[in-house]
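Please look over the sequence and the model shown below before reading on. The report that follows takes up strands, a metal site and nonpolar cores in turn.

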Amino acid sequence: MIDLKRLDGLTKELKNAGLDAIYLGPSTDLEYVTGLDTHPDERVRGLMVAADGRCFAMTPLLYKEEIVRAFGDVPFYAEWDDHEGFTGAFRRGCEHLGIAGGRIAFNDGVRAVDMLAIRDAMDMKMENGAKILEPLRSRKDEGELALMREASRMVDEVVGMLKAFIRPGMNERQIAQKIPDFFEEAGADDISFSPIVASGPNGSMPHYGGGRRVIEENDIIILDLGGRYKSYCSDTTRTLFTGTPTDEQRRVYEIVRQAQAAGEAAVVKGATGQDVDRAARKVITDAGYGQFFFNRVGHGIGIAVHESPYIIEGNDKPLKPGNVFSVEPGIYLPGKFGVRIENLVAVKPDGTGEALNSFPRDLESVCIRG
Ligand code: CO
């Protein structure tokens, strides 16, 4: 159903931005406002929200039933069929709301080719609406935080299942293919992204795409995974060991563990995304591994796995209560191995951080004893 509180917040953002309306195509923005989880294709559908709070829904007949079920009686339904094409319906909707010719923003759920067809069919001032919902979405309310805690509890449970499951002789893909089943068992609705299982030298590629390398007796494995629970995502990383870590692996692991803890501890009243990045990065740089940590420390998360706020040099905006983001420093040694540890952190009303993940990070707890 359309969430009237979120709709109201959106109309305030439209007025602040001087916009007449925003069109939300299939996207996490649309899911945030309506609960509808759907993906863009050639049958243009979505919700136009005018600054006065009135809406119209682009409704291809093929999708009518699920759209009406999701949106209820709030919007005017601009229906279209395959024979007619969608631009006539788009125009009828705009005329119904009295926004034809106005300043209309489009979000990231709209395909470029469809925007060009709209541009050719009618006059309006098109604006970039990619960030209009950011201020709302990045401040989670208590209900959202409860869902994110629950999603994080589930991913921690899955990490435990993986620790019990992984044995030398399995390959990376066999482990990755098990992960959706484990999320199902833990009560999640789905996975939130393709899990990363990067073992041995593959661990030096932070977004390793996955292969069939076989886990050895003494090995190191980065597991980066997340699930979805009632629209909200989890995301965590643990680096596990089979057998006995080498001295270098122990040393690097301890540095990353301290960097991750320093990042979490830097979440204090008034701290910015940049402050958290610097606090975690400093530990790695001071230990002499700065050149082997080349990405940002974290990203916001909610209905999307990556959203505002970003924990990165240059983000000098103070973090706000209700922000939820990852703190995930790593050290990536090409040709050797990588270590990454990731927890999600929510900013509490007093400005300090609440870690949403509780799977232990000490070296003993991440060693698999078969
Ligand atoms: Co992450």
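In this predicted model, a good place to begin is tyrosine 332, which stands opposite glycine 338 in strand β17. The strand that carries this tyrosine, β16 (330-333), pairs with β17 in the antiparallel sense, and the pairing runs over four bridges. The two strands form a hairpin with three residues between them, and in the turn glycine 335 has a positive phi of about 80°. Along β16, Gly330 and Tyr332 point one way while Ile331 and Leu333 point the other way, and all of them are buried. This fits a general pattern, for in a regular strand the side chains alternate between the two faces of the sheet.

A second pair of strands can be read in a similar manner. Strands β8 and β9 also pair in the antiparallel sense over four bridges, with serine 199 having isoleucine 221 in β9 as its bridge partner. From β8, Ile196 and Ala198 point one way and Val197 and Ser199 the other way, and here too all are buried.

| Strand | Residues pointing one way | Residues pointing the other way |
|---|---|---|
| β8 (residues 196-199) | Ile196, Ala198 | Val197, Ser199 |
| β16 (330-333) | Gly330, Tyr332 | Ile331, Leu333 |

Which protein residues are the donors of the cobalt ion? They are Asp235 (OD), His299 (NE2), Glu328 (OE) and Glu342 (OE), which lie 2.1 to 2.4 Å from the ion, and in sequence these donor residues are spaced D-x63-H-x28-E-x13-E. Glutamate 328 lies in the loop between β15 (324-327) and β16, and glutamate 342 in the loop between β17 (337-340) and β18 (343-347), so the pair ties together parts that are 14 residues apart in sequence. Glutamate 328 has a relative accessibility of 11% and therefore counts as buried, and glutamate 342 is buried as well, with a relative accessible area of 0%. The angles among the four donor atoms of the cobalt ion run from 78 to 152°, and the site is irregular.

The nonpolar cores complete the picture. The largest of them has 58 residues, of which Leu162, Leu223 and Leu225 touch the most other members, and helix α7 (residues 142-165) gives the largest share of this core, seven residues. If residues up to four places away in sequence are not counted, leucine 162 touches Ile175, Ile179, Phe182, Leu223 and Leu225. There is also a second, separate core of 37 residues, including Leu10, Val49, Ile67 and Tyr77.

Technical notes: Residues numbered from 1 in each chain as written. Predicted model: local features only at pLDDT ≥ 70, side-chain atom pairs only at ≥ 80, totals over all residues. Heavy atoms only, no water. Core = buried A, V, L, I, M, F, W, Y, C linked by side-chain atoms within 4.5 Å. Buried < 20%, exposed > 50% of the residue type's maximum accessible area, 1.4 Å probe, protein only. Contact = heavy atoms within 4.5 Å. Donors = N, O, S within 2.8 Å, 3.2 Å for Na, K, Ca; no water. Tetrahedral: all angles 85-135°; square planar, octahedral: opposite > 155°, others 65-115°. Pairing = 2+ DSSP bridges.
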